[in-house]
Amino acid sequence: MGKRDDLIAQYADDLKNKCGMSPDMDLLTKVTIGCGPSIYDADAATVASSQAGEIETVKNNFLIKKLGLSDGPELEAAINSVIETYGKSERNKYRAVVYYMLTKHFGKEAVYG
């Protein structure tokens, strides 16, 4: 197994144990690949949910640009809901896990078709 496979296994573990979800491994793999090289960078691999700028980045670069959603209060509400599910006190909120949950939340799995 390569480094990416190890990370995907880690993300699946987080989804099961920290978020109480049973991950769709095919979608999780596609979302992880979609994150590109950022998954290997300790800083970029996680979402700093306490920083407003980071929430804006997730909203603009992922929800609006990648998933094609229209800007509105529901986007920030969804991000907050996902962060709440992951656990606000959870130090490492992996970007791929957050993006996976947002993709599921908005029913946008087809983007990764």
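Which residues in helix α2 are buried?

**View 1. The buried residues of helix α2 in the predicted model.** Helix α2 spans residues 25-34, and its buried residues are L27, L28, V31 and T32. Seen down the axis of α2, these buried residues fall within an arc of 135°, so they line one face of the helix. An α-helix has 3.6 residues a turn, so residues three or four places apart point the same way. The buried residues of α2 pack against two helices, α1 (3-17) and α5 (95-105).

**View 2. The two ends of helix α2.** At the N-terminal end, D24 acts as a cap of α2. A side-chain oxygen of D24 lies 3.1 Å from the backbone nitrogen of D26. After α2 comes G36, which has a positive phi, near 65°.

**View 3. The packing of helix α1 with helix α2.** Two packed helices are described by the angle between their axes and the distance between the axes. For α1 and α2, the angle is about 120° and the axes are 10 Å apart. The two helices α1 and α2 are therefore oblique to each other, and α1 passes α2 in a right-handed crossing. On the α1 side, R4, I8, Y11, A12 and L15 take part; they meet M25, L28, T29, T32 and I33 in α2.

**View 4. The packing of helix α2 with helix α5.** The axes of these helices cross at roughly 120° and come within 9 Å. That angle makes α2 oblique to α5. Helix α2 passes α5 in a right-handed crossing. In this contact, L27, L28, V31 and T32 of α2 meet A96, Y99, Y100, T103 and K104 of α5.

Key
Residues are numbered from 1 along each chain as its sequence is written. This is a predicted model: local features need pLDDT of at least 70, side-chain atom pairs count only at pLDDT 80 or more; totals for chains, interfaces and linings use all residues. Side-chain values use heavy atoms; hydrogens and water are left out. Buried means under 20% relative accessible area, exposed over 50%, partly exposed in between (1.4 Å probe, protein chains only). Helices (H or I, at least four residues) and strands (E, at least two) are DSSP runs, numbered from the N terminus. The arc is that of the directions from the helix axis to the C-beta atoms. Contact means heavy atoms within 4.5 Å. A polar contact is a pair of N or O atoms within 3.5 Å; within protein, one must be able to donate a hydrogen and the other to accept it, and residues adjacent in sequence count only if both atoms are side-chain atoms. Axes are lines fitted to C-alpha atoms, for helices over the stretch in contact, and angles run from 0 to 180 degrees between N-to-C directions. Angles under 35 degrees count as roughly parallel, over 145 as roughly antiparallel, 65 to 115 as roughly perpendicular and the rest as oblique. A crossing is left-handed if the near helix is turned anticlockwise from the far one by less than a right angle, and right-handed if clockwise.
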